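Q: I'd like a close look at the part where the chains meet, please. Keep it chatty, and point out any oddities in the backbone or elsewhere that I should find on the screen.

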Amino acid sequence: MSFGSTTIQGNLRPKLTKEELAFVKQELAEQLERYQKIVQEQEALTPQREKWVKEFLHRIQTRGYHVHAGIKRVIPKEEVRPRDGRPLQVIF
Amino acid sequence: MARPHIEPFVDRDVGFKKLNLPGFKKGVHYKMLSMDKETGACTMTVQYDAGFKQPPGFSYSEVEIFLQEGHLMIGDKRCEKGTYIFAPAGTSLPAMSTDEGCLALVFYNFGPPSFQESDADHDKADKSQKRTMVDSYFGMDWQVPTLFPQTAPGCLLKILHLDPKTFAMTFLYCMTPGFWQDNISYHDVAEEAYHIWGTSWMMQFGDLPTGGYFYRPAYINHGCFRSDLGILAIGRTDGDLHNYFHHDPFSTPEENHHRAAAKLARMKPALYQWILTNEHNHLPHDFEYPNDTYDTSGYDSGIHMHDDGSSHSHKSNGPHSHLNQKKKAKK
Ligand SMILES: [Fe+2]
């Protein structure tokens, strides 16, 4: 899948020009750098995120979990899946 | 995987670059937000300098433009901020200009940015879609989303464009001040969004401020959510948006994918069983769109996760089954 309408099969000039190819190559290289920077930044956020997760698990067992629109339900302890050492990866 | 998981990226942190591609006039600067690795299709913040002028012309790609700041003359129409334009591939737009300059978000859906001067459409222009232009700020009302399950109260929508076949959509959304939603969500579709104004927070990624952007492939956890002062944002999906809510912060995209399939099997058992017979030649066919073909040669989820937590892209090679891959029981 990709963004945009599905009524036609894509770009009307399917073969990219020399300039477009160079542009895409350069932008994809920079995009990879941006991605790697994001991975590092998000890795650095891990201790803070672990705290946020604890607070979330506490709130859904006290104030409630949003099931649908404004409908909330307090989650009983036995419905909280144990972590069992699972990592908390957020960027894929 | 068409585009990588870019989340979050704040465009205010980087400078504009000059757009030097042939065809474009002087005075166009951009910040790349994300680009499709296969086609060069992309989402960019674009600044048109004061005095920018462009003759009538078309793009070889479908283009969507959202005006964030300043104004843009399109033909003799003065477009203010909040204007949204959808231009099918190859349809000629009137001359554009701006005296004071303007800031836009531009989506090239099928390929890299392109502009061909012409006051007529390309002879293969996509005639099945209409060029549209709306004043999304003053010409449309906010709507309560009607999905089930639905986002928490205080998240409102304006649908700017909806693809009739895939239900892929471009939409404006807002969160009211004090918005909160205590669940974790994922979808079967990719999502991308850009914050026109305001800061919201997600449990995975932290704060996303004004100028904040994300492109997130399908099945990736996001939420819970909160916004103290509210936000105004523009978002897109590449297909029908269903909210899969849950409360396991550690579930993987692969588990989320399995859970979505289980839900389909429960809710549409006849369809699910039919899909499983795909290897016996039951390719999708729609009598309303008899000429459409469906790519079933390989499926790229964009993500593939290992038990050690690392991930990479996974593309299947033709029909195969995941049915016998027993998941390690973790509960
Ligand atoms: Fe979402």
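A: Start with Pro8(B), which sits in strand β1 of chain B. This is a predicted model, so take everything below as computed from it. The peptide bond between Glu7(B) and Pro8(B) is cis, with omega at about -10 degrees. Strand β1 (6-10) also belongs to our topic, since it is among the elements that each supply at least two residues of the side of chain B that touches chain A.

Now zoom out to the whole interface. On chain B, 83 residues are in contact with 57 residues of chain A. Together the two chains bury about 6200 Å², and carbon and sulfur atoms give 63% of that area. On the chain B side, the residues that lose the most area to chain A are Asp182(B), His247(B) and Phe250(B), which together make up 14% of what that side buries.

What about charges and polar groups? Seven salt bridges are counted between chain B and chain A, while the structure holds 22 over all chains. One to pull up is Glu27(A) with Lys17(B), where the closest N and O atoms are 2.8 Å apart. Glu27(A) is in helix α1 (residues 18-44) of chain A and Lys17(B) is in strand β2 (residues 17-18) of chain B, so this pair joins two chains. Another is Arg81(A) with Asp248(B), and there the closest N and O atoms are 2.7 Å apart. Polar contacts add to the picture: 20 residue pairs qualify across the interface, with both partners at pLDDT 80 or more.

Which pieces of chain B do the touching? Besides β1, the elements that each bring at least two residues are β3 (28-35), β17 (179-181), β20 (200-202), β24 (231-237), β25 (244-246) and α1 (253-267). Strand β3(B) gives the most, with five residues. Sorted by class, that side of chain B has 38 nonpolar, 27 polar and 18 charged residues.

While you have chain B up, have a look at the metal. The iron ion is coordinated by NE2 of His187(B), NE2 of His222(B) and two OE atoms of Glu191(B), at 2.1 to 2.7 Å. In sequence, those donor residues are spaced H-x3-E-x30-H. Tetrahedral would need all angles between 85 and 135 degrees. Here the angles among the four donor atoms run from 51 to 144 degrees, and the site comes out as irregular.

A few backbone oddities are left. Gly223(B) and Cys224(B) are joined by a second cis peptide to look at, with omega near 20 degrees. Cys224(B) belongs to the loop between β22 (212-216) and β23 (225-227) of chain B. Tyr219(B) lies in the loop between β22 and β23 too, and its phi is near 70 degrees, a positive value in a residue other than glycine. Over on chain A, Asp84(A) also has a positive phi, near 50 degrees, without being a glycine. You'll find Asp84(A) in the segment after β2 (71-73) of chain A.

Definitions and conventions:
Residues are numbered from 1 along each chain as its sequence is written. Chains are lettered from A and ligands numbered from 1 in the order in which they are written. This is a predicted model: local features need pLDDT of at least 70, side-chain atom pairs count only at pLDDT 80 or more; totals for chains, interfaces and linings use all residues. Side-chain values use heavy atoms; hydrogens and water are left out. Contact means heavy atoms within 4.5 Å. Buried area is the accessible area (1.4 Å probe) that two parts lose on being put together, summed over both. A salt bridge is a side-chain nitrogen of Lys or Arg within 4 Å of a carboxyl oxygen of Asp or Glu. A polar contact is a pair of N or O atoms within 3.5 Å; within protein, one must be able to donate a hydrogen and the other to accept it, and residues adjacent in sequence count only if both atoms are side-chain atoms. Helices (H or I, at least four residues) and strands (E, at least two) are DSSP runs, numbered from the N terminus. Ala, Val, Leu, Ile, Met, Phe, Trp, Tyr, Cys and Pro count as nonpolar, Asp, Glu, Lys and Arg as charged, and the others, Gly among them, as polar. Donors are N, O and S atoms within 2.8 Å of the metal (3.2 Å for Na, K and Ca); water is not among the atoms, so sites may look incomplete. Four donors count as tetrahedral if all angles lie between 85 and 135 degrees; four count as square planar and six as octahedral if opposite donors are over 155 degrees apart and all others between 65 and 115; anything else is irregular.
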